[in-house]
Structure formats: structure tokens, C-alpha cells
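Got your viewer open? Let's take a walk through this one together, picking a few things to select at each stop.

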Amino acid sequence: HVLQQCVVAMPAFQVRFVAEELRGGAIEAAQHNTRSRVLERLLEHCPCEDTALLVDELLCAVPKLSRHAFGNFVIQRLLEHGTPRQRARIVQAILPKVCQL
């Protein structure tokens with residue numbers, strides 16, 4: 001909870017290290033009850049340049065995360081705060097599997 005509040009309250013350049021620490025483990029973090037919330041806050045409050053590598057990881061697992069108890073919230077934040085290109089990739093990944101959601 002404290003880390004989430006830091007991401008919300010502090011300037012993005014001061015919490016960039018959080019995104020850097022999650023690199024290589026974004027998919028696992030998106031499926032964790034507290035780390036997924038930290039990812040959500042990063043997506044909401046940090047510039048796309050700071051989260052681009054995390055988002056690239058997440059985009060590789062959109063169908064899986066969309067059906068996950070915590071991952072689906074991360075995907076929702078990406079739809080809200082991602083770039084048009086990122087949103088399009090999510091839609092492309094979900095459409096073929098929409099009946100399974």
C-alpha cells in the first residue's frame with residue numbers, strides 16, 4: 001500500500017525505479033494481489049516512456065491476464081491510460097478470445 005501511495009504522490013521521475021525493478025517480471029506482478037495494484041498506479045501516473053518496457057511484457061500475455069483475478073485490472077488500466085497503439089494491440093489480442101472472457 002505504501003508503494004502505491006508513493007507512486008501516486010511523488011513526481012514520476014522519483015518513482016521510475018519502481019518500474020525498473022518490475023522489468024522482466026511484469027506478467028507475474030500483474031497476477032499478484034498487491035504488485036498488480038502497484039502496476040496499475042504506475043500505468044495511471046507515470047509517462048508512457050517510463051512504463052513502455054513493462055507494457056511490452058504485459059501485451060504478450062493479454063488473453064491470460066484478461067481472465068486473471070488481478071491481471072484483468074491491469075489490462076483495464078492499460079485500456080484507460082495506454083497509447084492508441086497499445087490499446088489496439090489489446091483489442092487485437094482479446095477479440096479472438098472474447099467468448100472465453
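In which helix is Leu3 found? Select Leu3 and you'll land in helix α1. Keep in mind that this is a predicted model. With a relative accessibility of 36%, Leu3 counts as partly exposed. Show its surroundings, and leave out residues up to four places away in sequence: Leu3 touches Val18 and Val38. Now add Phe70, which sits 67 residues from Leu3 along the chain. The C-alpha atoms of Leu3 and Phe70 are separated by 17 Å.

**Stop two: a pair of helices**

Next, colour residues 2-9, which are helix α1, and residues 35-45, which are helix α4. Their axes come within 9 Å and cross at roughly 0 degrees. Angles under 35 degrees count as roughly parallel, and α1 and α4 are therefore roughly parallel to each other. Who makes the contact? On the α1 side, pick Leu3, Gln4, Val7 and Val8. On the α4 side, pick Arg37, Val38, Arg41, Leu42 and His45. The residues of this contact divide into 5 nonpolar, 2 polar and 2 charged.

**Stop three: the core**

Stay on Leu42, since it turns up again here. The largest nonpolar core has 26 residues, and Leu42 is listed with Leu22, Leu39 and Leu58 as those with the most contacts inside it. Which helices each supply at least two residues of this core? Colour α2 (12-22), α3 (26-30), α4, α5 (48-59), α6 (62-66), α7 (71-81) and α8 (84-94), and you have them. Now look around Leu42 itself, again skipping residues up to four places away in sequence. Leu42 touches Val7, Val15, Val18, Ala19, Leu22, Thr51 and Leu54.

**Stop four: Ile27**

Jump to Ile27, whose place is in helix α3. Is Ile27 buried or partly exposed? At 21% relative accessibility, Ile27 counts as partly exposed, because buried means under 20%. Bring up Leu58, a residue of the core you just visited. Ile27 and Leu58 are 31 residues apart along the chain, and their C-alpha atoms are separated by 5.7 Å. Leaving aside neighbours within four places in sequence, Ile27 is in contact with Glu57, Leu58, Ala61 and Leu65.

**Stop five: helix α7**

Now for α7. Select its buried residues: Gly71, Asn72, Val74, Ile75, Arg77 and Leu78. They pack against α3, α4, α5, α6 and α8, so switch those helices on too. Zoom in on Arg77, which counts as buried at 12% relative accessibility. What does Arg77 touch, not counting residues up to four places away in sequence? The answer is Glu40, Arg41, Leu43, Glu44 and Gly82. You've already met Arg41 in the contact of α1 with α4.

**Last stop: the cysteines**

Finish by selecting Cys46 and Cys48. A disulfide is a covalent bond between the sulfur atoms of two cysteines. How many disulfides does a search of the whole structure find? It finds 0. Cys46 is in no disulfide, and the nearest cysteine sulfur, that of Cys48, is 10.0 Å away. Cys48 is in no disulfide either. Compare how accessible they are: Cys46 is buried, with a relative accessible area of 10%, whereas Cys48 counts as partly exposed at 30% relative accessibility.

Definitions and conventions:
Residues numbered from 1 in each chain as written. Predicted model: local features only at pLDDT ≥ 70, side-chain atom pairs only at ≥ 80, totals over all residues. Heavy atoms only, no water. Axes fitted to C-alpha atoms, helices over the stretch in contact; angles between N-to-C directions. Helix = DSSP H or I, 4+ residues; strand = E, 2+ residues; numbered from the N terminus. Parallel < 35°, antiparallel > 145°, perpendicular 65-115°, else oblique. Contact = heavy atoms within 4.5 Å. Nonpolar A, V, L, I, M, F, W, Y, C, P; charged D, E, K, R; others polar. Disulfide = S-S within 2.5 Å. Buried < 20%, exposed > 50% of the residue type's maximum accessible area, 1.4 Å probe, protein only. Core = buried A, V, L, I, M, F, W, Y, C linked by side-chain atoms within 4.5 Å.
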